[in-house]
Amino acid sequence: MEIKVLKNVLDKNMNQAEQNRQALMKHNVKMVNFISSPGAGKTTLLEKTIPTLQETMNVAVIEGDAFTSKDAERLQQFNIPIVQINTEGTCHLDSSSIESAFAELDLQELDIILTENVGNLICPTAFDLGEDFRIAVLSTTEGDDKPAKYPMLFRQARAVVLNKADLLPYIDFDNETFKKDLQDLNPNLQVFETSSTLGTGLWNWVEWLEVALEKEVKRV
Amino acid sequence: MHELTVIENVLQISGQVAKENNLSRIDVINLDVGGMQHLNEEIMQHGFEAAKKDTVAAGAELKLFWLPVRLRCNSCQQIFGTENGKFYCPVCGSKDTEVQQGMELNIKSIEGE
């Protein structure tokens with residue numbers, strides 16, 4: 001016999017994500033989910049973003065990695081709460097791992113949680129963590145065709161940070177194609193060109209992020 | 001490679017439904033998969049073969065129904081596909097669109113005795 005199920009396969013993750021969202025709202029904490037390929041520069045971008053945010057907000061980081069705590073160690077200089085999640089090979093964070101991370105944080109004392117997902121352009125997009133919005137980080141060396149190849153991420157993201165922009169003169173990256181493809185996918189998307197290592201373009205990005213986070217605060 | 005997580009969840013939910021309906025074995029699991037999900041059928045099937053052992057679905061077949069991406073234009077209400085890689089309206093050119101089909105990842109039904 002056939003039994004109708006009509007159930008989303010990831011509904012367990014969705015339900016937990018909703019609970020995470022409620023917990024964040026209760027304590028008026030905003031959470032941002034950073035998604036990129038490995039090596040695009042998420043951690044370096046966070047290193048350059050945290051000091052400005054820290055001036056006005058209490059920031060914490062949830063650091064997702066398949067293995068090691070190398071990224072968390074790099075962020076220890078800021079004296080902020082950092083929770084390392086090791087997925088042990090799994091390619092994405094899920095909402096239950098975020099719930100465990102919340103248990104190690106004092107949400108009442110926080111304003112912002114920056115979550116650095118496992119480096120991967122596909123899998124993390126399928127797992128809602130309970131975040132307020134997602135940021136896609138792409139490095140120029142990955143190529144201008146990534147938005148067309150990974151539409152899900154770029155449709156869902158609130159902004160794209162195009163990192164390693166200092167390498168543009170040396171590589172075959174068509175910035176016009178890149179921006180047009182992004183526009184076609186998601187006309188509301190903000191795009192920032194940065195070089196996290198040289199520190200260029202970061203001001204616009206951090207300023208935008210601060211405003212976006214404040215808007216989320218007011219919405220509640 | 002989140003295919004394996006998806007498969008684990010498919011087996012978990014199907015097992016639960018089988019239990020609730022007193023099925024002793026599952027023969028078929030029918031799964032809707034939207035085109036936006038970036039899932040690979042071969043990896044899904046490999047994962048399913050490995051993970052179904054010693055479960056109530058040990059002899060089951062996983063049938064995937066692929067649903068192509070369909071967007072609706074919010075300006076002129078046109079429904080259109082993205083097979084050409086374009087996510088804007090082919091009629092009026094608007095980029096203000098909503099995904100109408102393509103995000104699915106649903107167990108439609110299970111078959112068994």
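In the predicted model, A:Phe192 is buried, with a relative accessible area of 8%. A:Trp208 is likewise buried, at a relative accessible area of 17%; this value counts as buried because the limit is set at under 20%. The rings of A:Phe192 and A:Trp208 have centres 5.6 Å apart and planes at 50 degrees, so the pair is classed as tilted. Distant parts of the chain are linked by this pair, since A:Phe192 belongs to strand E8 (residues 190-193) of chain A and A:Trp208 to helix H8 (residues 202-219) of chain A, 16 residues apart. Both residues are also members of one aromatic cluster, formed by A:Phe34, A:Phe133, A:Phe192, A:Trp205 and A:Trp208.

Over all chains, the count of aromatic pairs comes to six. A pair of aromatic rings is described by the distance of the centres and the angle of the planes. For A:Phe173 and A:Phe178, the centres lie 5.2 Å apart and the planes meet at 55 degrees, so this pair is tilted. Burial extends to both partners, A:Phe173 and A:Phe178. In chain B, an aromatic ring faces a charge: the charged end of B:Lys108 sits over the ring of B:Phe65, at 3.7 Å from the ring centre.

Strand E8 of chain A, which holds A:Phe192, is also a partner of strand E7. E7(A) and E8(A) pair in the parallel sense over four bridges, and within this pairing A:Val160 stands opposite A:Val191 in E8(A). Strand E6 (residues 133-139) of chain A is joined to E7(A) by five bridges, and these two strands also run parallel. Here A:Val137 stands opposite A:Val161 in E7(A). A right-handed β-α-β unit is made by E7(A), helix H7 (residues 175-185) of chain A and E8(A).

Strand E7 (residues 159-163) of chain A has five of its five residues buried, so the strand is largely enclosed by the rest of the structure. The side chains of E7(A) are divided between two directions: A:Ala159, A:Val161 and A:Asn163 point one way, A:Val160 and A:Leu162 point the other way, and all are buried.

Helix H7, the helical element of the β-α-β unit, also carries charged pairs. Side chains of opposite charge can pair when their charged atoms come close. By the criterion applied, 15 salt bridges are counted over all chains. A:Lys180 forms one with A:Asp184, in which the closest N and O atoms are 2.9 Å apart. Both residues lie in helix H7 of chain A, four residues apart, which is about one turn of the helix. The two partners differ in exposure: A:Lys180 is partly exposed, with a relative accessible area of 43%, whereas A:Asp184 is buried at 6%.

A:Asp184 also takes part in a contact with chain B, its side chain meeting that of B:Lys95 in a salt bridge (3.6 Å, N to O). B:Lys95 lies in the loop between strand E4 (79-81) and strand E5 (97-101) of chain B, while A:Asp184 lies in helix H7 of chain A, so the pair joins two chains. B:Lys95 is partly exposed, at 26% relative accessibility. Elsewhere, A:Glu18, A:Arg21 and A:Asp128 are joined into one network by salt bridges that share partners. A further salt bridge is formed by A:Lys149 and A:Asp145, with the closest N and O atoms 3.3 Å apart; A:Asp145 counts as partly exposed at 29% relative accessibility.

As a whole, chain A contains eight helices and eight strands. Of its 220 residues, 56% are buried. The C-alpha atoms of chain A fill a box of roughly 55 × 50 × 35 Å along the principal axes. The radius of gyration of chain A is 17 Å, which agrees with the value near 17 Å that a compact globule of 220 residues would have.

Key:
Residues numbered from 1 in each chain as written. Chains lettered and ligands numbered in written order. Predicted model: local features only at pLDDT ≥ 70, side-chain atom pairs only at ≥ 80, totals over all residues. Heavy atoms only, no water. Phe/Tyr/Trp six-rings, centres within 6.5 Å; stacked < 30°, edge-to-face > 60°. Buried < 20%, exposed > 50% of the residue type's maximum accessible area, 1.4 Å probe, protein only. Lys NZ or Arg CZ within 6 Å of the ring centre and 35° of its normal. Pairing = 2+ DSSP bridges. Right-handed = clockwise from strand over helix to strand, strands pointing away. Salt bridge = Lys/Arg side-chain N within 4 Å of Asp/Glu carboxyl O. Rg over C-alpha atoms; globule rule 2.2 N^0.38 Å.
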